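Colleague: Please take me through this structure by question and answer.

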Amino acid sequence: MRLSGAEWKVMSVVWDRGTASARDVLDVLEAETEWAYTTVKTILARLAGKGALAVEMRGNTSEYQAKVTQEEARQSALLSLADSAFEGSLSPMLHFLANRDSISKKDREELIALLEAKPGRPGRKGGR
């Protein structure tokens, strides 16, 4: 499932709160985004249509709850990026990231520790 930048912002609010109405989302994001209420409603409806959110009516208010976890959404986004920009392999992507000047020493050390601690999982091109 691909999420746009706006959808990630909205999903982050829902993940943080557990359930959220459009008003809840707007209250959190309004200063950062300057979105109108109708914009938030449109994004929530689009996310529900994609299957990312469940909708339940409470009185006159729609309450939204995530149907996908943040980890599932991140995994989908990462694999989609690997498929489109790195020919389906994580190895070139990791090389690209590791060779960036912007990666901190701490991040490099954490990445090395994670790779050493977790055995590879076969199943996708590039050892994923």
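The turns below cover the core, the hairpin and a surface patch.

Modeller: This is a predicted model, in which local features need pLDDT of at least 70 and side-chain atom pairs 80 or more, while totals for chains, interfaces and linings use all residues. Residues are numbered from 1 along each chain, and side-chain values use heavy atoms, without hydrogens and water.

Colleague: Which helix supplies the largest share of the largest nonpolar core?

Modeller: A nonpolar core is a set of buried (under 20% relative accessible area, 1.4 Å probe, protein chains only) Ala, Val, Leu, Ile, Met, Phe, Trp, Tyr and Cys residues joined through side-chain atoms within 4.5 Å. The largest has 21 residues, and Val25 is among those with the most contacts inside it. Helices α1 (5–17), α2 (22–33) and α3 (37–49) each supply at least two, helices being DSSP runs of H or I with at least four residues, and strands E runs with at least two, numbered from the N terminus. The largest share, five residues, comes from α1.

Colleague: Which residue of β3 stands opposite methionine 57?

Modeller: Strands pair if DSSP finds at least two bridges between them; β2 (residues 53–58) and β3 (residues 61–66) pair in the antiparallel sense over six bridges. They form a hairpin with two residues between them, and glycine 59 in the turn has a positive phi of about 70°. Opposite methionine 57 stands serine 62.

Colleague: Is leucine 115 buried or exposed?

Modeller: Leucine 115 is found in helix α6 (residues 105–117). Its relative accessible area is 52%, and the cut-off for exposed is over 50%. Leucine 115 is therefore exposed.
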